[in-house]
Amino acid sequence: MDRSASLQDYKAGMLLSGVGDALGYRNQLWEYNQSGPVIHKELEELGGLKNITVQLPDWPVSDDTVLHLATAEALATGKEGEELLHEVAFRYVEGMKDMEGRKPGPSSILGVSQLRPGTEGGYRVPYNPEGTGCGAAMRSMCIGLRYPRPEQLSSLVAVAVETGRMTHPHPTGFLGAVAAALFTAYAIQRRPMESWGVGLVKEACPVAKSFVQSQGYAVTETERDWAYFSEKWEWYLEQRGLSNGKGPVIWPEKYGPEERDEAYKSFSLSGWAGRSGHDAPMIALDALLGAGSNWEKLMSRAGFHGGDSDSTAVIACCCWGLLYGLEGVPECNYKKLEYRDRLEKSAEKLYALSH
């Protein structure tokens with residue numbers, strides 16, 4: 001994997017993020033509602049991935065893609081600094097008007113309702129001790145497309161933190177945005193996947209902490225609640241033999257749908273796999289490490305489990321598309337995807353801006 005990410009890879013990343021979302025969501029039938037084994041059985045009855053045409057009305061994208069597009073299209077304007085943050089806030093407010101049947105989470109709904117784009121500081125909301133969910137993570141992959149280079153880490157982190165805490169001001173929530181953006185940038189850099197988690201904990205999190213302190217907004221509360229995210233990630237890396245950033249990855253002896261449901265619950269904050277900012281990217285990385293270049297394996301691990309399956313898939317599939325393009329993905333999975341055109345257009349603009 002020595003070539004750098006091309007325009008086609010950028011487009012595949014954005015497009016497949018939407019595909020993973022729509023497949024993992026399955027019009028509210030699969031997100032949170034089942035166990036992994038049940039979903040796998042239903043998938044088999046549908047004839048497997050190669051027989052699923054992802055299109056409306058049965059396979060809409062969820063709130064994840066609507067808000068990911070809002071982030072991407074704001075970044076695609078080329079704005080920077082506060083001007084960018086007001087643009088993102090404005091697009092989140094607009095995006096919330098497109099939520100019929102898409103199930104946005106409570107922190108996203110509350111946060112966006114408090115945004116006042118265009119007024120001074122209107123992209124910031126009051127601290128929310130409940131804002132630990134994955135809503136910031138699931139819409140932030142495109143930040144890595146905009147700031148893909150190692151020397152852009154501070155820009156990537158700043159934008160991920162500020163846009164993340166528009167709805168999820170708790171560090172467990174907004175550091176999920178940092179993780180999703182960072183992993184996307186690492187995929188573009190072709191950085192060895194075994195080192196992604198250590199990069200998050202040792203490189204990006206300290207930058208995020210310094211940034212939060214420099215901004216003087218909700219610093220006391222944020223520092224009080226800071227530790228959980230990194231501690232849980234350090235625990236995960238130890239479980240997988242990745243604390244050194246090199247591997248080899250240690251897998252459980254048996255790791256089918258049933259075992260993964262149990263493992264993913266152990267990653268979680270309160271038994272709800274993938275629901276939080278720390279474990280949605282964690283499950284995504286776990287799936288990427290285990291699937292290699294196999295699309296079906298990726299979806300099996302990232303998108304078809306008993307937790308927040310669309311939010312883990314949206315992150316994993318974006319990274320996978322950047323690494324492997326559309327190779328091995330049945331055309332019926334993406335050809336008629338809702339908002340395909342917008343996903344590909346924003347990828348083109350972000351590629352141009354970042355190159």
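Biologist: Which residue just after helix 8 takes a positive phi?

Modeller: In this predicted model, the residue is R190, whose phi is about 60°.

Biologist: How do you know that helix 8 itself is close to its expected span, and how much of the helix is buried?

Modeller: Helix 8 covers residues 171–189, and its 19 residues reach 26 Å from the first C-alpha to the last, which is close to the 27 Å expected at 1.5 Å a residue. As for burial, 18 of the 19 residues fall in that class, so helix 8 is largely enclosed by the rest of the structure.

Biologist: What makes the contact between E80 and R146 a salt bridge?

Modeller: The cut-off is a side-chain nitrogen of Lys or Arg within 4 Å of a carboxyl oxygen of Asp or Glu, and the closest N and O atoms of E80 and R146 are 2.9 Å apart, so the pair qualifies. E80 lies in the loop between helix 3 (63–75) and helix 4, whereas R146 belongs to helix 6 (residues 141–146), and the pair therefore ties together parts that are 66 residues apart in sequence.

Biologist: Why is R146 called buried or exposed, and which class does E80 fall into?

Modeller: Buried means under 20% relative accessible area, and R146, at 8%, therefore counts as buried. E80 has a relative accessible area of 43%, which lies between the 20% and 50% limits, so E80 is partly exposed.

Biologist: How do you know that R91 and E87 meet in a salt bridge, and where do they lie?

Modeller: Their side chains come to 2.6 Å, N to O, and that value satisfies the 4 Å limit, so the pair is counted. R91 and E87 are 4 residues apart in helix 4 and are thus separated by about one helical turn. E87 is buried at 11% relative accessible area, while R91, at 25%, is partly exposed.

Biologist: What makes K254 exposed when its salt-bridge partner E259 is called partly exposed?

Modeller: Exposed means over 50%, and K254 has a relative accessible area of 60%, so K254 belongs in that class. E259 stands at 25% and therefore counts as partly exposed. The side chains of K254 and E259 meet at 3.1 Å, N to O. Elsewhere, salt bridges that share partners join E73, K79, E87, R91 and R342 into one network, and the count of salt bridges by this rule comes to 22.

Biologist: How many disulfides are counted, and what is the nearest cysteine sulfur to C142?

Modeller: The count comes to 0 disulfides. C142 has the sulfur of C318 as its nearest cysteine sulfur, 7.9 Å away, and since a disulfide needs sulfur atoms within 2.5 Å, C142 is in none. C318 is likewise in no disulfide, because its nearest cysteine sulfur, that of C319, is 5.8 Å away. C142 is buried, with a relative accessible area of 0%, and C318 is also buried at 0%.

Biologist: What makes up the lining of the second largest pocket?

Modeller: The pocket holds about 160 Å³ of space and is lined by 14 residues, of which G81, E82, L85, A158 and V159 lie nearest its centre. Helix 4 (81–95), helix 7 (153–164) and helix 9 (196–215) each supply at least two residues of this lining. By class, the lining divides into 7 nonpolar, 3 polar and 4 charged residues.

Note on methods:
Residues numbered from 1 in each chain as written. Predicted model: local features only at pLDDT ≥ 70, side-chain atom pairs only at ≥ 80, totals over all residues. Heavy atoms only, no water. 1 Å grid on protein atoms, 1.4 Å probe; cavity = no way out; pocket = protein on both sides within 12 Å on 5 of 7 lines; lining within 4 Å. Points joined across faces, edges and corners; volume = space filled by probe spheres on them. Nonpolar A, V, L, I, M, F, W, Y, C, P; charged D, E, K, R; others polar. Buried < 20%, exposed > 50% of the residue type's maximum accessible area, 1.4 Å probe, protein only. Expected span 1.5 Å × (residues − 1).
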